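Please examine the sequence and the three-dimensional structure shown below, and keep both in view while reading the paragraphs that follow.

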Amino acid sequence: MAEIKSSTPQEALELLLAGNQRFVAGTPEHPNQDATRRAEVAPAQRPFAVLFGCSDSRLAAEIIFDRGLGDLFVVRTAGHVVGSEVLGSVEYGVAVLSSPLVVVLGHDACGAVGAACAALDDGAVPDGYIRDVVERVTPSVIAARAAGHEDADAILAEHVSRTVDLLLDRSRLLAERVDSGQTAVVGLRYRLADGNTQVVAARGLGVPAA
Ligand SMILES: [Zn+2]
């Protein structure tokens, strides 16, 4: 029988952060990556977290959180910008697959955030649908600056936090599950150089935001 057991939002976050700490320390265990696990989860999945992160190639979810097959339901867009497909995917993860945790994962030196800053500062508007991505990051940059934050870390934290709020504002299904304590939504900031994550926003958990 597959290892399909329910966990609380807090337990799911602890599991995720423990894996990140193994990755940071250079002592990964590569759990759930073998043929036995592949066979176990083939009939059904019960991921313990929905991970919605930036598409950046250095943010490979199962690597940086030291997890394996069937653990994470991963949704990624450049700059973790939100559209209807993202909302539908996140809702599927929590409502159909019963994940107790949704994580928004942003990172330093994010190209989408940098492009939004450049668009505001220099009027540098990208071509094609890249513009759509940049325009969806822009409100976070404006909000951060309006609050007096000019440094990149603070702007990124604002963008992660606003993305958490946006998911809850737009998805009534998600908001109801957070209100009832079934699901938590946590925003994490990832540092490319050392692989560390830091909680910058939390809804439905007792974890204080940094
Ligand atoms: Zn990025």
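Glu150 is found in the loop that lies between helix 6 and helix 7. The model is a predicted one, and in it Glu150 has a relative accessibility of 55%. Because exposed residues are those over 50%, Glu150 counts as exposed. Apart from neighbours within four places in sequence, Glu150 is in contact with Arg145 and Ile155.

A contrasting case is offered by Thr138, which has its place in helix 6. Its relative accessible area is 14%; since buried means under 20%, Thr138 is classed as buried. When residues up to four places away in sequence are not counted, Thr138 touches Ala116 and Leu120.

These contacts lead to helix 5, which comprises the twelve residues 111-122. At 1.5 Å a residue, helix 5 should span 16 Å, and its end C-alpha atoms are indeed 16 Å apart, so expectation and model agree. Which residues of helix 5 are buried? They are Ala112, Val113, Ala116, Cys117 and Ala119. Viewed down the axis of helix 5, these buried residues fall within an arc of 160°, and they therefore line one face of the helix. A general rule helps in reading such a pattern: an α-helix has 3.6 residues a turn, so residues three or four places apart point the same way. The buried residues of helix 5 pack against helix 6 (130-146) and helix 7 (152-170). On the other side of helix 5, Gly111 and Asp122 are exposed. Just after helix 5 comes Gly123, which takes a positive phi of about 70°.

Attention may now turn to the sheet. Five strands form an open sheet, arranged in the order 2-1-3-4-5, with mixed pairing. Strand 2 (72-77) and strand 5 (197-203) stand at the edges and each has a single partner strand, so one side of each is left without a neighbour in the sheet. From one strand to the next, the twist averages 20°.

The mixed pairing can be followed strand by strand. Strand 1 (residues 49-54) and strand 3 (residues 101-107) run parallel and are joined by four bridges. Val50, for instance, has Val102 in strand 3 as its bridge partner. Strand 4 and strand 5, by contrast, run antiparallel, with six bridges joining them. Here the bridge partner of Gly187 is Ala201 in strand 5. Strand 4 and strand 5 form a hairpin with six residues between them, and Gly195 in the turn has a positive phi of about 80°. Although strand 5 stands at an edge, strand 5 is mostly covered, as five of its seven residues are buried.

Helices also lie against the sheet. Helix 1 (residues 9-25) packs on the sheet and touches strand 2, strand 3, strand 4 (184-190) and strand 5. The direction of helix 1 makes about 15° with that of strand 4. Helix 4 (residues 84-96) lies across strand 1, strand 2 and strand 3, and runs at about 170° to strand 2.

The cysteines complete the account. Cys54 has a relative accessible area of 5% and is buried. Cys110 likewise counts as buried, at 7% relative accessibility. How many disulfides does the model contain? A disulfide requires a pair of cysteine sulfur atoms within 2.5 Å, and by this rule the count comes to zero.

Terms used:
Residues numbered from 1 in each chain as written. Predicted model: local features only at pLDDT ≥ 70, side-chain atom pairs only at ≥ 80, totals over all residues. Heavy atoms only, no water. Helix = DSSP H or I, 4+ residues; strand = E, 2+ residues; numbered from the N terminus. Expected span 1.5 Å × (residues − 1). Buried < 20%, exposed > 50% of the residue type's maximum accessible area, 1.4 Å probe, protein only. Arc of directions from axis to C-beta. Contact = heavy atoms within 4.5 Å. Pairing = 2+ DSSP bridges. Axes fitted to C-alpha atoms, helices over the stretch in contact; angles between N-to-C directions.
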